[in-house]
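Colleague: I would like to go through this model label by label. For each term you use, tell me what backs it.

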Amino acid sequence: MNTIRPCGCKGVRTCLSCEKDFQIAKPSLQEQFQQLEPWSYCVQCERLYSGWDTTAVQADHQHHDKAKGLPMPGVLVQEQFLSKDEGSQLMADLDALRWDISQSGRRKQNFGPKTNFKKRKLQVGTFAGFPNSTEYVQRRFNEVPLLRNFQTIEQCSLEYEPSKGASIDPHVDDCWIWGERVVTVNCLGDAVLTLTVYEEQQAGKYNLDLVAAYENELLEPLLPEERLSAYKGKVLRIPMPNLSLIVLYGPARYQFEHSVLREDVVERRVCIAYREFTPMYIAGADQEKGDPVREKSQIFWQIN
């Protein structure tokens with residue numbers, strides 16, 4: 001079913017609406033993942049501990065033995081990145097903008113260049129910058145050491161509505177155009193990010209073959225096979241609290257697929273995803289192709 005359905009889903013992507021209307025049987029990702037050994041991330045310890053329920057693992061922080069915890073290289077969770085008042089105002093500002101339907105029960109507001117991941121083609125398209133009501137969020141990245149020199153070239157608001165069975169399937173963000181740091185600001189609602197080791201099934205998927213060209217520039221080195229094997233057969237659960245900042249980089253960004261299960265969306269959730277260029281488009285062979293996009297990314301326009 002490769003045609004776009006009225007709900008916005010296409011191909012293997014589904015929501016509760018099209019599953020009902022088109023009698024699509026969607027296997028439960030949660031049931032599949034629960035066959036694996038679950039580990040959840042403690043934000044205070046910055047380590048993984050045995051257990052599926054991230055809330056329970058967080059609550060047990062005082063009893064954690066770090067020696068029994070598992071490191072999770074390439075994950076930053078910064079709680080209270082936004083204040084409650086900022087979160088409320090940001091949501092009002094986002095909801096004043098038009099939401100477009102997307103896949104898997106989501107809606108989106110996308111501000112960024114036109115990209116074709118398969119053909120590796122970049123165009124400015126209709127990109128004209130970002131709404132000025134969100135400018136302070138990008139400016140605040142400068143206060144986070146991990147995000148120094150981060151230049152946003154795509155900003156995408158995503159809405160997850162539980163009544164639609166909203167989710168996002170396991171994936172690795174494209175590696176041809178999107179750089180190392182995958183940034184999410186949670187504006188409304190708690191959720192969980194689920195990670196599993198990516199086992200290559202087809203050559204060139206996610207354009208991961210290009211990572212070798214800039215691997216020596218990564219902020220966190222990739223895990224050698226002997227260390228990566230410790231995570232195989234496990235499912236990793238990262239809490240995404242309301243108003244928090246999440247960054248994936250290094251191993252977590254390139255060696256794991258990440259997803260948001262529909263069972264983990266229990267209330268309306270809204271986040272903003274931010275992407276930067278790969279090194280080729282910053283100071284490499286494709287710098288000139290990236291210049292027009294960078295120029296547009298300096299613009300913050302007034303909402304009428």
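Modeller: Start with β14. Seven of its seven residues are buried, so β14 is largely enclosed by the rest of the structure. Keep in mind that this is a predicted model.

Colleague: Which residues of β14 point one way, and which the other?

Modeller: Lys234, Leu236, Ile238 and Met240 point one way. Val235, Arg237 and Pro239 point the other way. Both groups are buried, charged names included: Lys234 and Arg237 are in the list. In a regular strand, side chains alternate between the two faces of the sheet.

Colleague: How do you know that β14 has strand partners, and which are they?

Modeller: Two strands pair if there are at least two bridges between them. β13 and β14 (residues 234-240) have five, in the antiparallel sense. Strand β1 (residues 37-42) and β14 have four, and they run parallel. Both counts meet the cut-off of at least two, so both are pairs.

Colleague: Which residues stand opposite each other there?

Modeller: On the β13 side, leucine 193 has isoleucine 238 as its bridge partner, and valine 192 stands opposite proline 239. On the β1 side, proline 38 stands opposite valine 235.

Colleague: What makes the sheet around β14 "mixed" and "open"?

Modeller: The order is β3-β2-β1-β14-β13-β16-β11, seven strands forming an open sheet with mixed pairing. The edges are β3 (70-71) and β11 (168-171). Each has a single partner strand, so one side of each is left without a neighbour in the sheet. As for "mixed", β1 runs parallel to β14, while β13 pairs with β14 in the antiparallel sense.

Colleague: Which residues touch the most other members of the largest nonpolar core?

Modeller: Leu48, Met72 and Ile238, out of 31 residues in that core. The elements giving two or more residues are β1, β4, β10, β13, β14, β15 (245-248) and β16 (256-260). β13 supplies the largest share, four residues.

Colleague: What does methionine 72 touch?

Modeller: Leaving out residues up to four places away in sequence, methionine 72 touches Tyr41, Leu48, Leu195, Tyr231, Leu236, Ile238, Ala252 and Phe256. Among them are Leu236 and Ile238, which point the same one way from β14.

Colleague: Now the other sheet. What is the strand order, and what is the pairing?

Modeller: Seven strands, β4-β15-β12-β17-β10-β6-β5, form an open sheet with antiparallel pairing. β4 and β5 (100-101) stand at the edges, each with a single partner strand, so one side of each lacks a neighbour in the sheet. Inside this sheet, β6 (residues 106-111) and β10 (residues 154-160) pair over six bridges. Phenylalanine 111 has glutamine 155 of β10 as its bridge partner. Helix α4 packs on the sheet, touching β6, β10, β12 (182-188) and β17 (269-275). The direction of α4 makes about 95° with that of β12.

Colleague: Why is glutamine 30 called buried?

Modeller: Its relative accessibility is 17%. Buried means under 20%, so glutamine 30 qualifies. Glutamine 30 lies in helix α2 (residues 29-33). Beyond neighbours within four places in sequence, glutamine 30 is in contact with Trp52, Leu261 and Glu263.

Colleague: What makes the phi of glutamine 80 and of tyrosine 206 worth a look?

Modeller: Most residues other than glycine have a negative phi. Glutamine 80 has a positive phi of about 55°; tyrosine 206 is near 65°. Glutamine 80 is in the loop between β4 (75-78) and α4 (84-95). Tyrosine 206 is in the loop between β13 (191-197) and α6 (225-228).

Colleague: Is each of these two buried or exposed?

Modeller: Glutamine 80 has a relative accessible area of 69%; exposed means over 50%, so glutamine 80 is exposed. Tyrosine 206 is at 16%, under the 20% cut-off, so tyrosine 206 is buried.

Colleague: Last one. Why is the protein called as compact as a globular protein of its length?

Modeller: The protein has nine helices and 18 strands. Its radius of gyration is 19 Å, and the globule rule gives 19 Å for 304 residues, so the label holds. Buried residues make up 53% of the 304.

Note on methods:
Residues are numbered from 1 along each chain as its sequence is written. This is a predicted model: local features need pLDDT of at least 70, side-chain atom pairs count only at pLDDT 80 or more; totals for chains, interfaces and linings use all residues. Side-chain values use heavy atoms; hydrogens and water are left out. Buried means under 20% relative accessible area, exposed over 50%, partly exposed in between (1.4 Å probe, protein chains only). Contact means heavy atoms within 4.5 Å. Axes are lines fitted to C-alpha atoms, for helices over the stretch in contact, and angles run from 0 to 180 degrees between N-to-C directions. The radius of gyration is taken over C-alpha atoms; the globule rule is 2.2 Å times the number of residues to the power 0.38. A nonpolar core is a set of buried Ala, Val, Leu, Ile, Met, Phe, Trp, Tyr and Cys residues joined through side-chain atoms within 4.5 Å.
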